[in-house]
Structures are given as structure tokens and as C-alpha cells.
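Biologist: Hello! I am new to this one, so could you walk me through it at an easy pace?
Modeller: Gladly, let us look at it together.

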Amino acid sequence: MRGEIDPHDGERERVLGLLRAWGWNSTAFQITERGFRHFFHGDACVSYIDTGRAWVVAGAPVCAPERIRDVTERLMEAARREGRRVVFFAVERRFLDIVGMPAKLIGLQATWDPRTWDETLRSHRSLREQLRRARAKGVRVRHLTAEDVGSGLPARLSIEALIERWHLAHEMPRMGFLVDVQPFELPHERRYFVAEVHGRCVGFLCAVPIHAREGWLFEDFLRDPEAPSGTIELLVDLAMRHVAGGGATYVTLGLAPLAGGVSPWLARARRWGQSLYDFEGVRAFKAKLRPSDWAPIYLAFPEPAKPGLAILDTLTAFARGNLLRFGLRGFLRGPAFVVRLLAALLVVWVVSIAMAAPTWFPSAEVRWAWAGVDIAIAIALVMLARRWRMALAIGLALVVSLSAVLTIVEAAAHDLPRVSSRWAAIVVIVGCTGPLLGAIALWGAIWRRVRATRLGPRRSAKRTPFGQLH
């Protein structure tokens, strides 16, 4: 039996019952959220995202350990019948030891025994100082019940506003799979904690159970940028004490992606992608909380699949099924890396202008005027990428928009009548498209920040530092 979660068809309750008996993987509870499909085989369940070409599985099968190999094989048979590859994301060593499947290390998972949290604090002065500083600045943290976060209630509305502000402030578009934000699914199973200053919500933590380990995944972290230093640490402190009081022996903040001894090409991806995602910041944040252990987390894929294809399938799942559309949405949001990319491309374009044949321009004065304008825009883009200033962003967006209009006018009046080859036509199209896309990206970034500011009490919110710590 397969199908997307529907709270009305009883499938969610079936999944939840299996989780209470066998939910061992740290990501296990997240399969109760919207968007997952489920493969059931007796008293076992495997949950996945169907990308159209692959089934990307969230963790290991939920079943008795002695059934994992058989259920995995059954799933792969079903996938082959559907013409799909299979990838197992965020599995731990136990799964690999049972099934003997090829795998790649994709990061480390920090873990704690919450019963020893007081000892951790006593032995690390820096942590205690963070807590003291936050309290001195008026941060108060409290536990919320499921009844407190009912639809339409003040606490729920304040958390939802914080989530929306974070999405707007975040440079990447909304992602799916295991990093979707759905903190109010099955609220009686979750634990909620908020941080407030003078009654205003400045931080939020949501924990979900890992039943078979008597543990919890601290799943969602959101923090207003204006929240005092130590706000997240105060939330973690309260959550650790709360779950320890309930008998928990295991806590994880989830995956620190690409941390540890990953393969050389993943290490390069970590360096190249640092402007998009703060991989080192995620690891450092978790290390600062002094975990008792770091567990390796893997991406597993049955032969003859290749690692590169398995990673592509996984990225597609996180991109809600379409990497190209996800990339376009990201570009239109105008993140800092896009601004830097535009600046770099402008430098190349200026060189092309200098080397182009005179016939491309009405006069030499027009040619060098365009070169000067583009150099000035490139310098302004670099300044904006280093530090966002709304006045500079609006002025730059206006200039780039005007440049786009003038470029199209010049192309229509002067260049198109002189196009004599396919290559020349491509040059004209690129010349017109570049400033137009640049203007769209800049206005997208401005809109996103303006809307985030309007939604927030003062400034936008963000997750700290990973946000959803899977």
C-alpha cells in the first residue's frame, strides 16, 4: 500500500503506530509530515519522496532490526517495477551493517545524553556565560503545550509569523523532504519551546520523538536577528531539562551536512557552496553545545547506482522534485551569491564590449559609456554583496532596470538590423537578457527584505545557524 499522507485515511496512524514500536532512525518521526509516500510490508514501513526517477528514502525502514534486510529488498523490487532508482538518505551505521549496501559519508550527527546536561554546563564556562547573558538581557523561555499552539491562538500565530519571516529572510527558496517546516503536525507528539523578550517571540524550538531510542530530535530552530546573544542556548537548555525530566536518554540536533571526513569532491562542494549555506557554521554551533558524540551519517544506494547520481536524486527531493525550477526561484530571490555572480559576469561583459567590433555600437562614445556604466554597476554589486544597504539596493535596481530598457531599445534600433548569423543573434539575446535578469533578481531581493521587515516586529528572523537541524 502506497500513498501520500492523508490525515483522514488512517495511514498516518498506521505509520505512527510503527514509529512507536520501531522508530530508531533520528529522522523517523519526520515521515509523518505531509509529502511522503509509504511502502508497507506487514509490520514495516519505508517512507520516501518520489522524484519521478527515484525513490529517495528518509532514513532506514521502520521495523524490527531483523526485518530490515528483507523489507529493503522488497522496497527495491517495488521500485524496479515502477522504473525508479532507490536512495537511502541519512542512514546510520546500523543500517549499512545489516544490508551491506554501498554508501558515502555525508556528515556528522551530534548527540547528547540530556541527563548529563548539568554536568556539561558545569564544565564549560562559555556555555554558562551565554545563558547568563541572554537572561540578563531579558530573554525568558517557556514550554508550550499542544493546546497552546492550537490554530488561531496567539502563540501559534507568533510562531507562524516567525516561520514566514525566516522564509523571506532566507536566501534559498523553500525546500522539501526532511527540511520542510511543518511544526504543527501531530502536535501532541511534539514538544514546543519559545523565547520571548517583553512578551515578544524572538525564538522557537520544536522537538520530535525518537521512540525506539527514548530520545528526541531537536528539529526546528528559529531566531529573530534582534534576539539577544544566547537565546538559542537558553532554548536548548530548557528543552534538555524538559526531555530529561521525561526520561529521555538521547538527544540529537541532527545532521551537520558535509562535516567530517567526507570524500574529496564533497569537501570541494562544501567549500564552493559556503556562500549558499554555512556548513562550517552549522558544525561549529553544534560543537559549541559540547555533544557527547558525533555519529557518522550516510547516503546509501544499491549497486549498480553511482554516488553522483544518488546525490543528484537526493538534491532533487530537497528541491521539491525540480532542480531547475528551484534554481530559478533561488535566482529570483536575489541572494548574495547571485549578486556576486552578476558582478563577475559584468566584468566579462565589459571585456567583451572592449573587444567587440565597432559595428555593434552607434558610436565609440556609446561603446565606452556602456563600459563605464557596467563597471560602476559591478562595483556597486560587490559592495551590496558584502553588506546589504536598502538605499544602495534600490538605487542599483533602478539603474539596472534603466540599463535593461536602454539595451533593448538599442538592440532593436541598431543591432537587430545588422544581425547576419546565428552567433550574432545569440550575442544580442544575451546582451538584452543579462540586465533584465539582473534587475529582476535585485527587485526580488528588495521585495523579500521589505516583506520580511513588515512581518516582523523590527527585523526578519532566521534559523540559527542551521535552522532545521536535521
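**A guided tour**

Modeller: Just after helix H9 comes Arg290, whose phi is positive, near 55°. Please keep in mind that this is a predicted model.

Biologist: Thanks! Which residues of H9 are buried?
Modeller: Helix H9 spans residues 279-288. Its buried residues pack against strand E5, helix H7, strand E10, helix H8 and strand E11. The buried ones are Phe279, Gly281, Val282, Phe285 and Lys286.

Biologist: Some of those partners are strands. Which strands stand at the edges of the sheet?
Modeller: The sheet is open, with 11 strands in the order E1-E2-E3-E4-E11-E5-E10-E9-E8-E7-E6, and its pairing is mixed. An edge strand here has a single partner strand, so one side of it is left without a neighbour in the sheet. The two edge strands are E1 (37-40) and E6 (139-144).

Biologist: By how much are neighbouring strands of this sheet turned against each other on average?
Modeller: Direction is ignored for this value. The average turn between neighbouring strands is 30°.

Biologist: And which residue in E9 is the bridge partner of Cys206?
Modeller: Strand E8 (residues 200-210) and strand E9 (residues 215-223) run antiparallel and are joined by 8 bridges. In E9, the partner of Cys206 is Asp220.

Biologist: What angle does the direction of helix H2 make with that of E4?
Modeller: Helix H2 (residues 68-81) packs on the sheet, where it touches E1, E2 (45-50), E3 (54-58) and E4 (85-91). With the direction of E4, that of H2 makes about 140°.

Biologist: Now the helix pair H13 and H14: are they roughly parallel or roughly antiparallel to each other?
Modeller: H13 (residues 364-386) and H14 (residues 390-415) pack at an angle of about 150°, with axes 11 Å apart. Angles over 145 degrees count as roughly antiparallel. Their crossing is left-handed. The two helices are therefore roughly antiparallel.

Biologist: How many nonpolar residues does the contact of H13 with H14 have?
Modeller: On the H13 side, the residues include Val366, Trp370 and Leu384, and on the H14 side Leu392, Ser403 and Glu410 are among them. By class, the contact has 2 polar and 1 charged residues, and the nonpolar ones number 13.

Biologist: One last residue: is Ala385 buried or exposed?
Modeller: Ala385 lies in helix H13. In space, Ala385 is 26 Å from Val179, C-alpha to C-alpha, and in sequence the two are 206 residues apart. The relative accessibility of Ala385 is 15%, and the cut-off is under 20%, so Ala385 counts as buried.

How values were computed: Residues numbered from 1 in each chain as written. Predicted model: local features only at pLDDT ≥ 70, side-chain atom pairs only at ≥ 80, totals over all residues. Heavy atoms only, no water. Axes fitted to C-alpha atoms, helices over the stretch in contact; angles between N-to-C directions. Helix = DSSP H or I, 4+ residues; strand = E, 2+ residues; numbered from the N terminus. Parallel < 35°, antiparallel > 145°, perpendicular 65-115°, else oblique. Left-handed = near helix turned anticlockwise from the far one by under 90°. Contact = heavy atoms within 4.5 Å. Nonpolar A, V, L, I, M, F, W, Y, C, P; charged D, E, K, R; others polar. Pairing = 2+ DSSP bridges. Buried < 20%, exposed > 50% of the residue type's maximum accessible area, 1.4 Å probe, protein only.
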